[in-house]
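The exercises below are meant to be worked through with the sequence and the model side by side. Try each task before reading its solution.

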Amino acid sequence: RRFDALLDADLPHHKVGLAHFTDGLIYPGGKNTDVLTRIPESEYRRLFGRAAELGMGIELNMPAAKADLREMTWEEDADELNVYRIAKEMGCKFYFGSDAHTVAGLGWAKRNAEKIIDLLDLDEQDKFTL
């Protein structure tokens, strides 16, 4: 309902990005994938299809290296990555938020972005631009 409300808002969507879609804040105290997997794929397709039609950007802001320092893989992280695969299939464009709270964090952010680009097989055509 909140995503629909955002998509229904009178905004210049070609300048708007959806931030932190798979962030752990969607379910404090639990695993974000517990929420993500309860949303039917058809609903993701409907919502991301609307977002693509409006020209809204989708932020890729998840750590490609988990807290245990293992890198994301399709085998272990499909629940989270699948959301973005669907968005890509529906024609969404993506951007990165570094979440680097320090200058030193920018090195991590670049490596993180490169890993996510590889995992989702993104290229210049998938980039959200203003």
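**Exercise 1.** Which residues does Gly17 touch, not counting residues up to four places away in sequence?

*Solution.* Before starting, note that this is a predicted model, in which local features need pLDDT of at least 70 and side-chain atom pairs count only at pLDDT 80 or more, while totals for chains, interfaces and linings use all residues. Residues are numbered from 1 along each chain as its sequence is written, and side-chain values use heavy atoms, with hydrogens and water left out.

Begin by locating Gly17, which lies in strand β1, residues 17-18 (strands are DSSP runs of E of at least two residues, helices are runs of H or I of at least four, and both are numbered from the N terminus). Next, search for contacts, meaning heavy atoms within 4.5 Å; the search returns Met56, Gly57 and Tyr95. Finally, compare sequence with space: Gly17 and Ile58 are 41 residues apart in sequence, and their C-alpha atoms are 5.5 Å apart.

**Exercise 2.** Is Gly17 buried or exposed, or does it fall in between?

*Solution.* Apply the cut-offs, with buried under 20% relative accessible area, exposed over 50% and partly exposed in between, using a 1.4 Å probe and protein chains only. Gly17 has a relative accessible area of 32%, so it is partly exposed.

**Exercise 3.** Find how many residues the largest nonpolar core has, and which helix gives the most to it.

*Solution.* A nonpolar core is a set of buried Ala, Val, Leu, Ile, Met, Phe, Trp, Tyr and Cys residues joined through side-chain atoms within 4.5 Å. The largest one has 27 residues, and those with the most contacts inside it are Phe3, Phe21, Phe48, Ile58, Tyr84 and Phe94. At least two residues each come from α1 (2-8), α3 (41-54), β2 (57-60), α4 (74-89) and α5 (105-120), and α4 gives the most, with five residues. As a last step, inspect Tyr84, whose contacts beyond four places in sequence include Phe21, Ile58, Phe94 and Leu120.

**Exercise 4.** Determine how α3 and α4 are oriented to each other.

*Solution.* Fit lines to the C-alpha atoms over the stretch in contact, and take the angle, from 0 to 180 degrees, between N-to-C directions. The axes of α3 and α4 come within 9 Å and cross at roughly 45°. Angles under 35 degrees count as roughly parallel, over 145 as roughly antiparallel, 65 to 115 as roughly perpendicular and the rest as oblique; α3 and α4 are therefore oblique to each other.
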